Amino acid sequence: MSRSGNLALAYRLRWKRRRLLFRALRKRRQLRPVQDRTAQIAPGDILLASTMRNEIIRLPHFLDHHRKLGIGHFLIVDNDSDDGTQGYLARQPDVSLWSTRHSYRLSRFGVDWLTWLQIRHAHDHWCLTLDADEIFVYPHHDTRPLQALVSWLEQNRCRSFGALMLDMYPKGRLSDQAYQPGDDPFAILGWFDGGNYMIQRQPKLDNLWIQGGVRARRFFADDPRRAPTLSKTPLVKWNRRYAYVSSTHSLLPVRLNHVYDDQGGEKMSGVLLHTKFLPMVIEKSNEEKKRGEHFANNALYDGYYDDLAGNPDLWCEASTRLINWRQLEAMGLMSKGNWV
Amino acid sequence: MRTGIVMLVHTAFDRAEQLARHWAASGCPLVIHVDCRVPDTEYTAFVTALSDLPEVRFSKRFCCEWGTWGLVAATQSAAQVMLDSYEDVRHVYLASGSCLPLRPVQELLDYLDARPQTDFIESATTADVPWTIGGLDSERFTMRFPFSWRKRRKLFDKYVALQRRLGFKRKIPDGIDPHMGSQWWCLTRATLSAILQDPNRQVYDKYFSKVWIPDESYFQTLARKYSNKIESRSLTLSKFDYQGKPHVFYDDHLQLLRRSDCFVARKIWPRAQALYDAFLTDQAHAMSRTEPNPGKIDHIFATAVNRRTHGRPGLYMQSRFPIEDKINSLTCAPYSVLEGFGDLFEDFETWLSKATGARIHGHLFARQRAEFADGKTVISGALCDSAKLRDYNPTAFLASLIWNTRGERQCFQFGPRDRQKISWPMAKDPNAHISVITGAWAVPLFLSGRDFDDIRGVAARHQLAEIKHMEILQSSWSKARLRVWTLADFIKAPMEPLQAIINEISLKDSTVVTEVPKMADLTGFGDFLQKLKNQGMHPYMMGDFPMPGDPADTPQPKRKTYQVK
């Protein structure tokens, strides 16, 4: 692109970012504080921000895993749950909770709400933005807490950290599995697709667009363009002027999307283990289809929901069994870069 | 005689205090320098916390920004305090607040006692070692660096470029020969006081204050002038990454650090509780009195730097996606592409797989589906045979296939009937070993017995596709290893090429072909080609086929067993 073209794009993106921030500002009225413990947030605390709905089954493990990694405080928006999620969250000592009954889709899938909370509370903190069905892992996560990761990132002047969303699935039909809240979900969801990912660079936001995995293989083989995006930038040293653009796939300013090395080397990166396919997914996807809150043009995804409702077996003989992060690193699904 | 510790501290004061007590417990006097940027309250609290130790002194505070003179000034003044306050100190060990003694301090003291005259300081000339950060080696001694490398990188780079263009050079003072090395040293009183009392010290100080990263060159250079006995190595294990930043050690490095046999290591993460517990409190593990041997763990750091700067070739992922001209090869390992063989020989894949023991795929880029070996619909890495998924990103498909099957040679068929988008990526990939029999696509047409008008159209399409494909393979950008025969040439002497392909594919070195694949019956093929010509479609990719009636148009040798020895 020409120099003037670059400048024009930069200018447009600057305004886009301001628009997104303004949107978040307007949407703040949709949030009602349920339990505000943000006074507990200490400087240097690592925060986790999330929007969720009816996640009572996933929550115990989700909170437990990320607490162990070293999350200092959770900022959570509850979108009209009716399964006790709200009460459960309100009882947690390190959770600040807001609730809203407004549209998830119109809030850009919860991002507007979170952007507001991040403006308010995450400025100058490292902030991990996740869905309730994403479990964050990174190289050495079993021996080094998040504080070690973020201080290493700061020493290396990185403000953002990339991850691949890895869809985990069971062997056998989805609803034939048994899961109790608090269990390790990967005892059931022990399998993943090891090497069928497709990457394109998106010049506008300078991010990578990764698709593939089991959902592309099973549900979108006839229309791969629609296969879900798996690239994410969940961990960011937040500034109140930042804004996620679409889910946590990309954000502004553009430089934060450059979580990859384009000269041949490997930067460090992690994986979001996706627990979407726990047994309750069948019921949930029926509801999601009805609500039409999860995709921008929902009708195109009816087939996907129908396939899911059919209780499929996603496992195939070439599936890989999850062992640990070292395995993911060796397979090239994440990288430790030069973090010895 | 004793060993004194000069400790530079700028953060993590609780750990610094713990270390000071550890050194002091073994009878080492300490002089501590605290960075001037530390707030006074924190400084005072630190001083108070250590006030019960009689042999701890604090030296004048300087601002120690990385790569600037402040670090040297701080060291100088602290060393002076050490030499003045403790007459019985014979060695001075320079350490930091994030250093950690790995072996009992007594072992270090004994080691130094046994070498009373030796200075341990890494010191090498820039001409001889490739330690360059930011592209500078000897120039760090001959240029000026008024701008911070960390904070004002662009200005720094521009100013360096300007000086290069103008040919600017500072004069190196007489009597010194610039050396550099690790910042962490252990010098004898004799050497250190000679450096500090040098009659030319003002000249040297003035010169080095404008050198880039003087803490890696001031003492390293001047020690060369005065020392009687230099051991050019640091007693502190300190590893740097490719940007000159120190590697940090965590709890899980415990065994690694023990294995190094080094006396002291840096930099330790302040919250690495297990390391502090193990090395500061547990003296029982005292190791055999071996020489420090950081070399034992070097490869781990070398591998890490290599992974960060070069990565794993053929891998594409969320944190490695090289732009096209930064990759040498698309894929991670060599693979074979066979074009035309499947058309000419019956059941070629089975034969080849038997002859080589390798996994031989069919047409991976066929229009209907990716024809994986053994009719599989999904193979390693859950790569599936859907044509749409494959065609959505054929490059990713090929790179993934080769990556997923690392350690097992891949081989597949290709031809003008297949999707052609992969031609360019394959041609530019030096790992692609492509063998082509041009024009062989006509054989199945010839054998099909279809309506001739149909055949004519199909033949024209195939020939066009093959011409384009061959242009790409033979273009100047092509890096693939290429072998091409025309059909006519190939059938005259098929054994040699087949043997070559088998040698290329099979893991065993000397597989000798004993059984030939069955070649299609080409009787009348010349006629067929002539008929195409008569229809105005000139098939020329097959080479010079004998005309019908030509005496050379004898049936090709078939089903004859060749023995190639």
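**Exercise 1. Where is the place of K267(B)? Work out what is unusual about the peptide bond before it.**

This is a predicted model.

Step 1. Place the residue. K267(B) lies in the loop between β12 and α10 (273-281) of chain B.

Step 2. Check omega. From R266(B) to K267(B), the value is near 5 degrees, and the peptide bond is cis.

Step 3. Look for a cis bond in chain A. L252(A) and P253(A) are joined by one, with omega about 0 degrees. P253(A) is in a loop as well: the one between β13 (250-252) and β14 (268-274) of chain A.

**Exercise 2. Describe the sheet that holds β12 of chain B.**

Step 1. Give the order. Three strands run β5-β12-β11 in chain B. The sheet is open, and its pairing is mixed.

Step 2. Find the edges. β5 (100-101) and β11 (236-238) of chain B each pair on one side only. They are the edge strands.

Step 3. Take one pair. β11(B) and β12 (residues 264-266) of chain B run parallel, joined over three bridges. S238(B) stands opposite R266(B) in β12(B).

Step 4. Recall the rule behind the pairing. Strands of a sheet pair through backbone hydrogen bonds, either parallel or antiparallel.

**Exercise 3. Which residues touch the most other members of the largest nonpolar core? Trace the contacts of one of them.**

Step 1. Name the hubs. The core has 241 residues. L164(A), M7(B), V92(B) and V264(B) touch the most other members.

Step 2. Find the main contributor. Helix α3 (residues 70-85) of chain B gives the most, with eight residues.

Step 3. Check the domains. Domain 1 (2-136 + 174-286) and domain 2 (335-553) of chain B each supply at least three residues to this core.

Step 4. Trace V264(B). Leave out residues up to four places away in sequence. The contacts are then A95(B), C99(B), L100(B), P101(B), L102(B), L235(B), T236(B) and L237(B).

Step 5. Set this against the general trend. In soluble globular proteins, nonpolar side chains tend to be buried together.

**Exercise 4. Is chain B compact or spread out?**

Step 1. Count the elements. Chain B has 21 helices and 21 strands.

Step 2. Compare the radius of gyration with the globule rule. The radius is 36 Å, and the rule gives 24 Å for 565 residues. The value is well over the rule, so chain B is more spread out than a compact globule.

Step 3. Add the dimensions. The C-alpha trace spans about 110 × 60 × 45 Å along its principal axes.

Step 4. Look at burial and contacts. Of the 565 residues, 43% count as buried. Take the contacts with a separation of 6 or more: 78% join residues 24 or more positions apart.

**Exercise 5. Which residues of helix α7 in chain A are buried, and which are exposed on the face turned away?**

Step 1. List the buried set. In α7 (residues 281-291), K284(A), S285(A) and E288(A) are buried.

Step 2. Look down the axis. The buried residues of α7(A) fall within an arc of 100 degrees, so they line one face of the helix.

Step 3. Turn to the opposite face. It carries the exposed residues E283(A), E287(A) and K290(A).

Step 4. Find the cover. What lies over the buried residues includes α8 (302-309) of chain A.

Step 5. Step past the end. Just after α7(A), G292(A) takes a positive phi of about 60 degrees.

**Exercise 6. H140(A) and D261(B) have positive phi without being glycine. Is each one buried or partly exposed?**

Step 1. Take H140(A). Its phi is about 70 degrees. The residue sits in the loop between β6 (134-137) and α5 (146-155) of chain A. H140(A) has 21 other C-beta atoms within 10 Å, and the buried class starts at 20. H140(A) is therefore buried.

Step 2. Take D261(B). Phi is near 60 degrees. The loop here runs between α9 (254-260) and β12 of chain B. D261(B) has 19 C-beta neighbours inside 10 Å, so it counts as partly exposed.

**Exercise 7. What surrounds A442(B)?**

Step 1. Locate it. A442(B) is in helix α17 (residues 442-448) of chain B.

Step 2. Classify it. A442(B) is buried, because 27 other C-beta atoms lie within 10 Å.

Step 3. List the contacts. Beyond four places in sequence, A442(B) touches A459(B), P539(B) and M542(B).

Step 4. Compare sequence and space. A442(B) and L529(B) are 87 residues apart in sequence. Their C-alpha atoms are 8.6 Å apart.

How values were computed:
Residues numbered from 1 in each chain as written. Chains lettered and ligands numbered in written order. Predicted model: local features only at pLDDT ≥ 70, side-chain atom pairs only at ≥ 80, totals over all residues. Buried ≥ 20, exposed ≤ 12 C-beta atoms within 10 Å, placed from the backbone. Helix = DSSP H or I, 4+ residues; strand = E, 2+ residues; numbered from the N terminus. Arc of directions from axis to C-beta. Contact = placed C-beta atoms within 7 Å. Core = buried A, V, L, I, M, F, W, Y, C linked by C-beta atoms within 7 Å. Domains from an automatic or database assignment. Rg over C-alpha atoms; globule rule 2.2 N^0.38 Å. Pairing = 2+ DSSP bridges.
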